[in-house]
Amino acid sequence: CGGDAVVGGCDETCGSILELDECGVCGGDGSSCNGDTHFNISIDETGESTLFIFQDVISSLDVNDEIGIFDLNGTLDSDGNEGEILVGSGVWNGSQLSIAGIMGQDLSQFGGPILPGANSGNTMVLKVWDSSTSTEYANLNYDIDSGNGSFNGLFTVISEIYLCDIPDGECDCLGNILDECGICAGDDSSC
């Protein structure tokens, strides 16, 4: 970019004025978030949730990738059946993303309904839809900065998502290992 032109649009092109629409699409018209997503939640809010915060430092996601939050043993229906259930989703736009995982509620002992959602104490399972390759990555590893990754009515802060299986002894998708200081791909000089 030369002269008075500035990189200003979401496409990081010289002189661009493109902005992210409400769906997180650069230069979009808002039409892509009208149910045209990979992870579509089919349960209603219950009034209880656990917040999962995905920090803007996550390097493995591209704009328009989708994040799905699942409970592998969540409550599926009003009969109390359990199994894998999508309880939260969001579209990555490169900024911090907060997704509320819907918690199930069993109010049957008070004459009320059983509401589907995640069960308290279960571990959150993360899936990512790579929008550029139309690929779903399932049961992903992720780094937690705060919280414990479970459905507990509180929150978990996630700083990285790994779109690969990390072999034992390695610390990332590139085959790096922890140095003596505990830094992935470090040079042992920071401890």
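**Exercise 1. How much area does the protein expose, and what share of it do carbon and sulfur atoms supply?**

Solution. Keep in mind that you're working with a predicted model.
- Start with the total: the protein exposes about 10,500 Å².
- Now the share: carbon and sulfur atoms supply 45% of that area.
- For the inside, turn to burial: of the 191 residues, 35% count as buried.

**Exercise 2. Describe the overall layout of the chain.**

Solution.
- Count the elements: you'll find 10 strands and 0 helices.
- Write them in order from the N terminus and you get β-β-β-β-β-β-β-β-β-β.
- Check the extent: along its principal axes, the C-alpha trace spans about 70 × 50 × 25 Å.
- Look at the contacts with a separation of 6 or more: 52% of them come from residues 24 or more positions apart.

**Exercise 3. Place D11 in its surroundings, and decide whether it is buried, partly exposed or exposed.**

Solution.
- Locate it: D11 sits in the segment before β1, a strand that covers 49-54.
- Classify it: the relative accessible area of D11 is 32%, so D11 is partly exposed. That label fits because the value falls between the cut-offs of 20% and 50%.
- List its partners: skipping neighbours within four places in sequence, D11 is in contact with S16, L18 and C26.
- Add one distance: D11 and G27 are 16 residues apart in sequence, and their C-alpha atoms lie 8.2 Å apart in space.

**Exercise 4. Find the aromatic pairs and work out how their rings are arranged.**

Solution. There are 2 aromatic pairs to go through.

*Pair one*
- The ring centres of F39 and F70 are 5.8 Å apart and the planes meet at 75°, so this pair is edge-to-face. The cut-off for that label is over 60 degrees.
- F39 belongs to the segment before β1 and F70 to strand β2 (residues 66-75), so the pair ties together parts 31 residues apart in sequence.
- F39 has a relative accessible area of 5%, so it is buried. F70, at 8%, counts as buried too.

*Pair two*
- For F52 and F151, the centres are 5.5 Å apart and the planes stand at 80°, so this pair is edge-to-face as well.
- F52 is in strand β1, while F151 is in the loop between β9 (141-146) and β10 (155-162), 99 residues apart.
- Both F52 and F151 are buried.

**Exercise 5. Which residue has its charged end over the ring of F70?**

Solution.
- Go back to F70, the β2 member of pair one.
- Look over its ring: the charged end of K127 sits there, 4.3 Å from the ring centre.

Notes: Residues numbered from 1 in each chain as written. Predicted model: local features only at pLDDT ≥ 70, side-chain atom pairs only at ≥ 80, totals over all residues. Heavy atoms only, no water. Helix = DSSP H or I, 4+ residues; strand = E, 2+ residues; numbered from the N terminus. Buried < 20%, exposed > 50% of the residue type's maximum accessible area, 1.4 Å probe, protein only. Contact = heavy atoms within 4.5 Å. Areas by Shrake-Rupley, 256 points an atom, 1.4 Å probe, with all protein chains shown as cover. Phe/Tyr/Trp six-rings, centres within 6.5 Å; stacked < 30°, edge-to-face > 60°. Lys NZ or Arg CZ within 6 Å of the ring centre and 35° of its normal.
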